[in-house]
Amino acid sequence: MNAARELQSVPAEEQQPSKSRFAFLEGWLYLLPSIVLFGVFVFYPMFRTIYLSFFLADQIGPFEFAGLENYHYILSSDSFQSSIKATVLFVLFTVPATIILALFLALLTSEKIMGIGIFRTFFSSTMGMSVAASSVIWMFMYNPSIGVFSKVAEWLGLPVIQWLQNPDYALLAVSLSTIWMSTGFAYLIILGGLQNIDPHLYENARVAGVSYFYQLRRITLPMLSPTLFFIVTVSFINAFQTFGQIDILTKGGPVESTNVIVYSIYKDAFINNDVGSASAQAVILFFCVLALTVLQFKLGERKVHYQ
Amino acid sequence: MTSTKRISLYAVLIICTAVMMFPIFYAFSISFMDGEEVLDGQLLPSSFSLTNYAEVFEKVPLLTYLINSFATSAIVMIGQLLVSSLAAFAFVFMKFKGRDFVFFLFISTMMIPWEATMVPNFMTVQSLGWTNNYVGLTIPFFALAFGTFLLRQHFKTIPKELYEASQVAGISRFRFFWNVILPVSRSSLVTLGIYSFLTNWNMYLWPLLVTNTESARTVQIGLKQLQTQEIASDWGVVMAGVVIVILPTLILLFAGQKKLQKGLTQGALK
Amino acid sequence: SGTTEDGKTEIIFWHAMGGELEASVNEIVDNYNKSQDKYTVKPVYQGSYEESLTKLKTVAGTEDAPAVTQIFEAGTKQMIDSGNVQPVQKFIDEENYDTSQWEENISSYYQVDGEQYSMPFNSSTPVLVYNKDAFEKAGLDPENAPRTYSELKDAAEKLTIKEGDQTSQYGLSILNYGWFFEELLATQGGMYVDNENGRSGEATKAAFNDEKGQKVFELISDMHEAGTFYNVGQTWDDMRAAFQSETITMMLDSSAGVKGLVDNADFEVGVAYLPHPDGVDPQGVVIGGASLWMAKDISEKQEQASWDFMKYLSTPEVQAKWHVESGYFAINPAAYKEDLVKQEWEEYPQLKVTVDQLHDTVSSPATQGALISIFPEARQQIVTGMESLYQGTDPKEALDKAAAEVDTVLEKGSRSR
Amino acid sequence: MTHVELAGLKKSYDGKKNVIEQVDLKLEQGEFFVLVGPSGCGKSTILRMIAGLEPITDGSLFVNGTRMNHAPPNKRNLSMVFQNYALYPHLNVEQNIMFGLHTKKISREEQQHRCAEAAEMLGLADYLKRKPRELSGGQRQRVALARAIVTQSPLCLMDEPLSNLDAKLRARMRSEIRQIQRKLGITMIYVTHDQTEAMTMADRMMILHEGQAMQIGKPLEIYNHPANAFTATFIGSPAMNVMDAKINPAGIHLSPQCTLPNPMKSSNKEASKQILFGIRPEHILFSAPEQADAVVEVVNTEILGTETLITFIMDDPKKQWIARWNGQWQFSVGDQIPIRFDMDSIHLFSKDKGRLLWTSNEDEPNQTAREVLR
Amino acid sequence: MTHVELAGLKKSYDGKKNVIEQVDLKLEQGEFFVLVGPSGCGKSTILRMIAGLEPITDGSLFVNGTRMNHAPPNKRNLSMVFQNYALYPHLNVEQNIMFGLHTKKISREEQQHRCAEAAEMLGLADYLKRKPRELSGGQRQRVALARAIVTQSPLCLMDEPLSNLDAKLRARMRSEIRQIQRKLGITMIYVTHDQTEAMTMADRMMILHEGQAMQIGKPLEIYNHPANAFTATFIGSPAMNVMDAKINPAGIHLSPQCTLPNPMKSSNKEASKQILFGIRPEHILFSAPEQADAVVEVVNTEILGTETLITFIMDDPKKQWIARWNGQWQFSVGDQIPIRFDMDSIHLFSKDKGRLLWTSNEDEPNQTAREVLR
Ligand SMILES: Nc1ncnc2c1ncn2[C@@H]1O[C@H](COP(=O)(O)OP(=O)(O)OP(=O)(O)O)[C@@H](O)[C@H]1O
Ligand SMILES: Nc1ncnc2c1ncn2[C@@H]1O[C@H](COP(=O)(O)OP(=O)(O)OP(=O)(O)O)[C@@H](O)[C@H]1O
Ligand SMILES: [Mg+2]
Ligand SMILES: [Mg+2]
């Protein structure tokens, strides 16, 4: 019987240890391209950054060992403290707002009605806007003399606010433009997540006649949790690393109110030529974000429902 | 859905559209204005003159830049999709020692400020002789922790029965990856593809560093090239540049709308 | 870079001129390439001043390094210290090139210990720009702009229009940009840093927080408090937009921007000298802008090509064209005698004022400008100081704080190579 | 009172082929209605249309006299057990069961109480805190069932709710469902593939075939008077033997060797004609050789415990007949055995449409008790 | 030749409670082995462990004599029908069926051929280009079945592969599966809840209860000689009546009115003792009043068509007995009817463990043909 013959050829793990070792290696094989590229373009520079943070250094390299001086200097400087404050505030302003807005839009457009496709395109279109281009537009809109905000304020008889010149508002203004810029992508991700939910799950809810919000709370959000977890994590990390719009809109000012850490790193590395200090800040930022992310994975992912 | 509900839904949608699209509309509008109109703070141009656009094309070789941007973005997109999906697959469907650690290592790369790695990377690329061509503009971006993470999240929602069925059928892992995982993850792949395309399209500092010739440069450099530092920028021209830079991506989004929708909905499991 | 197919020596020229200026630069380079058959210059835009400087530092000494690079004035000390530059003095000496044809007040900025390091290219100075129509309306003499701080305050008072607590028109604006502070300091003969502005030795301490510096900060602070000063932030274009839209009537601007302002304004634009505190003899201005630097370790032929190109740039014809098209000064005053310039000045008499101010400048370490490698950071500190004035910080306190920061950075910088 | 009415209901998924062709049906309040039919005939589709989950292509759906074609599912006040369960993977069993109960405006205690009761009845009490993926197939199905039961909606749709349960549990569930349905006066539409369920639970049933109702009626009526060959073979397991035969006044010719008397007295006594001859397996009897209608060849025997299924052929090896005899019988393949047809229980169908031509037992099932020997 | 062997197999999902407790089993090459048991008893778990989808907590799995506890599924060369189908949502029916065939190193034509053949057999030929979500439940199940069949792997695991099919189709499938299995000599492990499937298809079967094998043997053996009360009630539908009774030398006391003779001659003739009395519904006979063992009260009648189930009580209204009689009987609730127990077919079990104490029919099923009257 041919079935019987086939049986004999079944390889068993005990007989062929090489096969099982291959199974082990296989996992690494899939990771190889990533690992090599990360190694060269991320980890190597990171180790270099850590190394440089213990030196006085410029773009070309270190020139004097400084021990912890860079750290000491940074941690004791007012400007770094205001950077931390600006960064934290910026994250708090942008992340929740972006996600809630994107979720709201995604829920609105998850209904299957006529012409919904065009709205979906509209809402995702801000992701097609480069930071540079968007910032230029927003800078224009914020302009107190000719921008649309002041025109509207004038028209409404409200005081004209110098959005970007007033330290009380600058961070808010930058956050607002950031929310706008990042909503498109968050929207698209969340919409994708929504579409992925098994429609059968809703069938029972429809028959049961539960309210929209109950359905949202009990089915949609839990089933969306992997997506939400992703977008929250990524938004956090991105918010910590925001740079482009600050460079164009405020250059960290006024009075350092928008001088987020990454911008400060950029300034030290590219303008002030103080790579040692920039590296030290980068290292601090790295570990702060890492700690937060670990925390998020530990606390957050437990609540995430995968299949 | 009742018709009142439908009408109010459309109303909300239209309001949201108006708010979300206003800045883009504004940029378009300004791109048709001349200097004086811009400084008057008008909302609409008095006439639709294309002189600003003509000027943009005169000033910088934007066509070359557009082609370069397009090519590098496409290459990076494909590279990222491949590399990230392979890695994400390993993280979800394979058990091996050190898996979680490596995953976290990957995630941690997202936290490294790009500003800190740029110069060393430039030196690496330079020593590899990759400057001034697509290799230097693309390869360093092939590995993407973000993409790996995104796909991992999606792969994790794929019913494990599919994996089991393939395992029993004796299908190799790679084939399962290629013939099952990738097709059912279309929605995430589409999303990631758009993301990587646009991110690369919008890159400025890196292309500026690794290219020295116009023939290898990308549109964002062109956009910057339109702005001056000490003397007054011509806002109409700058906005025309902005429009030219975002137009291809917007067109891509609009044209790909159908495909995108399909990709998003077809990913639906079960 | 190297040799082209037809045997010409090719050199790369990095610059940071975007927009209209890039077109001018390209045209000039083109003309140069056509004017002779030994050398070819290839201009490459490299982003902003900061970006191109960063990039230059990373490629310095390698194949990718350009022969000629345009570097902004604040990068001068960094360039000298980097050791990767070939001072042009070498060629001046070799050829006995007559530098007296250059505008002394410009070239002196790039001279250290009597050695000419780089070749000035695009230079500008600040001027007071004002709205003549508004002056008239406010009952001021449009042909007689304020010169002293008290005149300035007076005029601003009159120019300010308030409706309730809404101000629709302000007197003065100064961009939050360190350069303007430096200028207002220099015109009083004040020093930015010690050791004669760093020109007689390494600068070790900030000097700008003396009385002279305080006067500048006090001016801003007082006027802001009086409601006649408008904070325009730190973007040039924002300031100009405010001026064009008549939100402000007087401002300090770069001489290079004057022409654009005149073109876009639907009112008469006046240009005047930089104001100074009462009872002070104005010393003139420090130039800003950028100069061209030659790289070390390039082939003899490329050195020659670079030098030849630089010489070409300083001819009166080229300078005339450059002045007219860009608004930057001609480094060769002979250019002002060219017809092209004369015609332009007829059309834009304001331009002459900017040149006159430069000519009237008394050359001294103060007006030569400070020579420090940490200039960018020092400017940021000043900006922060200026911004804090609008929050009601005491001028002296703000200035001292900036000075203290600069001292720290100077100290740290002194340990660099 | 008519509770649910389907009038000319049609459904097409692709706009071309009708999956449901014209179904007309009136359900009384409190009726237990069973829907049976071959796999893919459109049973689930009908339920989904009634529930409002699938748009109705044509025709009308009335609930309590109101046209409900476009009412959203939640306005229809019904509960449903889905064929694929549709459990919420992220909720535990208890949460799954109670999902949506709050909309019924009943107190929290009552909810808890109903949930506990249903869980108890379905043997899920130990699993209340489990997630669906930690349950066995049958347990999942029971959760789906519990979810429908607790709502106590006046209309309940069940799509093969017991298919993954063992016989013992299924028997218990049958009677429990029937009891609850009776107690609460629920109108039930119940899809099943199980003959026993169909026969024992239904007040009335419908046999669906390719989207068309083949017969609607009481289970026994259908069993005894199948309207056509399809119904005849579909109801009853093993299925009725339906074979080609020739009929003429002399008799019914099943094979060259086997001719039965022609029972039809009245009409149709013309010339020889092709018909379909139908007889249920239990009506083919083992016979004393002298009384035998035929001696047949055994092809297969399957002993089910209580009874034995004997597959045999007469002449044509392609035509396999099945007989079902009580007790355990063992024959070898090839054995020749004498059989007899119970002429009181034969059915004759037309050859073309399968329409019923003749059957003997017009009367109601035997009222008198007869002893059954073993 | 032993093909698959489970030695002391154990499984625990949570590391605490064993879901499978010590299963020992040897399967011969080409054997058709059926696994039955109540919902949630661990059937799917056993299949999944054999397939390598679930780690084995303890014990060993041998295939062809090699320990395979840790071999990956694709190295085990088997096919499987999953209880929840596990179809690929993005592939159409044809692609689903052929998915993985390439690994078997067979030509493209052969693949096509097998696919067409299987589709034909399962009535899927019209649906080859459909996606799973456009199929009915039964059609999906058939795709899953087809996918397993085409591989022709030497070991095949099927988890309730016919549960969603109608009786007619199911009957056909039964014989088709059995034929293919015989033809190719496939070793089959088959989970089902259907009594007919279990009885007719199995070479041997195992009854599983809470993770423990209650009995392993040939179907008839188990039917006739259930090792314990659990098996007795589990096999046979409707289930065997198992009731408390008191036994003493004088007889078996079922109720105050009903005493049967004590058939046990040998041992256990001591004093009065509690036991379990078991009799299958078909062995409770309708009796002439004078021969009756008891007169009982009818609680319910269910007419299944061929036969009727009569639920009755003797004394204690909680103890409901079921009798099953051929034909269609109609009684009203409360009717008093005389019944008789077929004493050759009773089973006696111990009260505590349910162990079989005594049964009469030790012999093989009747070899002689007996006529069965209607
Ligand atoms: N992933 C799991 N985690 C925890 N418990 C589980 C898991 N899967 C199954 N179980 C439990 O193990 C027991 C056996 O499950 P299994 O699926 O083997 O049952 P089954 O015999 O196939 O039942 P059914 O006939 O209902 O499919 C059940 O009580 C079930 O609740
Ligand atoms: N979404 C769909 N798109 C297209 N055809 C469909 C869809 N759903 C079902 N069908 C087809 O409609 C017919 C009826 O399907 P339905 O699910 O109602 O069958 P069913 O009677 O419930 O069968 P089963 O007993 O197998 O569950 C089937 O032939 C099926 O292939
Ligand atoms: Mg169905
Ligand atoms: Mg199971």
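Contact here means heavy atoms within 4.5 Å. By that rule, no contact joins chain C and chain D, whose closest C-alpha atoms lie 52 Å apart. Chain B and chain D do not touch either, with their nearest C-alpha atoms 8 Å apart. The model is a predicted one, in which local features need pLDDT of at least 70 and side-chain atom pairs count only at pLDDT 80 or more, while totals for chains, interfaces and linings use all residues. Residues are numbered from 1 along each chain as its sequence is written, chains are lettered from A and ligands numbered from 1 in the order in which they are written, and side-chain values use heavy atoms, leaving out hydrogens and water.

Turning to the pairs that do meet, chains A and B share the most contacts of the seven pairs of chains in contact. Chain A brings 90 residues to this contact and chain B 102 residues. Together they bury about 8,600 Å², 77% of it on carbon and sulfur atoms (accessible area, 1.4 Å probe, lost by two parts on being put together, summed over both). Tyr30(A), Phe41(A) and Phe140(A) supply 9% of the area that chain A buries against chain B, more than any other three residues. No salt bridges (a side-chain nitrogen of Lys or Arg within 4 Å of a carboxyl oxygen of Asp or Glu) are found across the interface of chain A and chain B.

Chains D and E offer a pleasing case of symmetry. A turn of 180° and a shift of 0.0 Å along the axis lay chain D on chain E with an RMSD of 0.1 Å (least-squares superposition on the C-alpha atoms of residues with pLDDT of at least 70 in both). That is the relation of a two-fold axis. Within chain D, Ser163(D) comes closest to the rotation axis, at 2.9 Å (C-alpha).
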